[in-house]
Amino acid sequence: MISQVANYLNVHGLKVKMIHQGRGPRCELAELVWIDENQSRELEKIIPQMMEELGCKSVISENLPETENLLLEISAEQESPLDFETLSAGEVFKKTHALLPVCFGTDVSGIPQVFDLYQMRHLLLLGTSGCGKTSALKALILSLVLKKNIDEIKFILFNADGEFDIYNQQSYLLAPVLNTPEQVHETLAWLCEETERRRLLFQKSGSRHIRDYHNHVGQLPYIIVVLDEFLSLMQQESMIKNYMSLLLQKGGACGIFLVLSTSDNDYEKISFLQRSDFLSVLVFQSQPTEFSKIFLKSKNPLFLFSQGDAWLNICQSSLKRIHTCRVSTEYIKQVLTPYGKEIFPLPANKYSEKAIPTKTSSVWDNFLKWWKQ
């Protein structure tokens, strides 16, 4: 198909020469150089007609930075499946130096993309039902299980549909998989208390953050909190929003990270998340364009419709397109088999003032004001 497009352009007077071509999981790519003059504006006008005549689902053009070359992305006639097992066995994932490596899939050319959750801090997944959010969450969990031992990382998981039950009773869990909003409420309150405990521990040891503590004092496990469809939790337990706000601002430095997902397109309900400077966003293509622009900070509508399942915006500083992968239940079972263990609930307190540490900092005082409302 990519050769047909190049021929089509030449026949219609847009003289180009192909200098490189390749193929990703869901698109073909070609780097073209203009033979006479740059005719990018004419190309944009002819693309709709070209798509119709050649039967292309989509054609995206992009001028490569620092050159006058043109990059074309053309939807492949047949998509190649992506599975997490293959990507995790590849050299890119094996040799990564990321502190908390996470692989969601590949870029448009098929190269596996490994990101560092430590740099992303907290992560929000946005997309309608069935777009692949849960598979992305499973890929995140398995990435960390494959790279970190049970003393280095612990998970807290919630999924109302039971998708995470397969992870229950595993050594990597800090508590059994949460099933109710009440359990999430109690657990987030405990995590706020743990954040304060760690802050005081760092202060006592002269550490500024968890990596500093690891380098000079000793091991503290990272805690990854995965809350699928978290908006439904907020609607049933009003304090959950306050707990999350505190963890978004203070938890990352203490090694406590939130991974949130929702299929709700009501921006007002999650607008409070934009106030966090430590929030990365994975937006799936199923989201409405205007809604996506808010979180992707992109003003280019063509970019939002280009080949790819999702876009990752890392703390509002780095935008990456991703073809997300699928995770099989069989592979999850295979990875988790050695780690079976009975896991007990966290201490269930009502978080009266007697349960609050006697020595507190200003962050905890602010939390108490929220708690008393």
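Okay, let's start with a word I'll use a lot: a residue is "buried" if its relative accessible area is under 20%, "exposed" if that is over 50%, and "partly exposed" in between, using a 1.4 Å probe and protein chains only. Keep in mind that this is a predicted model, where local features need pLDDT of at least 70, side-chain atom pairs count only at pLDDT 80 or more, and totals for chains, interfaces and linings use all residues. Residues are numbered from 1 along each chain as its sequence is written, and side-chain values use heavy atoms, leaving out hydrogens and water.

One more bit of vocabulary: helices (H or I, at least four residues) and strands (E, at least two) are DSSP runs, numbered from the N terminus.

So, strand β9, residues 222-228. How many of its residues are buried? Seven of the seven, so the strand is largely enclosed by the rest of the structure. In a regular strand, side chains alternate between the two faces of the sheet. Here, Tyr222, Ile224, Val226 and Asp228 sit on one side of β9, with Ile223, Val225 and Leu227 on the other, and all are buried.

Which strands pair with it? Two strands count as paired if DSSP finds at least two bridges between them. Strand β8, residues 153-158, runs parallel to β9 with six bridges, and Ile156 stands opposite Val225. Strand β10, residues 256-262, also pairs with β9 in the parallel sense over six bridges; there, Ile224 has Phe257 as its bridge partner.

Now for the charges. A salt bridge here is a side-chain nitrogen of Lys or Arg within 4 Å of a carboxyl oxygen of Asp or Glu. The whole structure has seven of them.

Take Lys138 and Glu163, whose closest N and O atoms are 3.2 Å apart. Lys138 is in helix α6 (133-147) and Glu163 is in the loop between β8 and α7 (181-205), so this pair ties together parts that are 25 residues apart in sequence. Is Lys138 buried or exposed? Buried, at 10% relative accessible area, while Glu163 is partly exposed at 36%.

Next, Arg198 and Glu194 form a salt bridge at 2.9 Å, N to O. Both lie in helix α7, four residues apart, about one turn of the helix. Arg198 is buried at 1%, and Glu194 is buried too, at 8%.

Last pair: Arg208 and Asp212, at 3.9 Å from N to O. Arg208 is exposed, at 69%, but Asp212 is buried, at 11%. And there's a network as well: salt bridges with shared partners join Glu194, Arg197 and Arg198.
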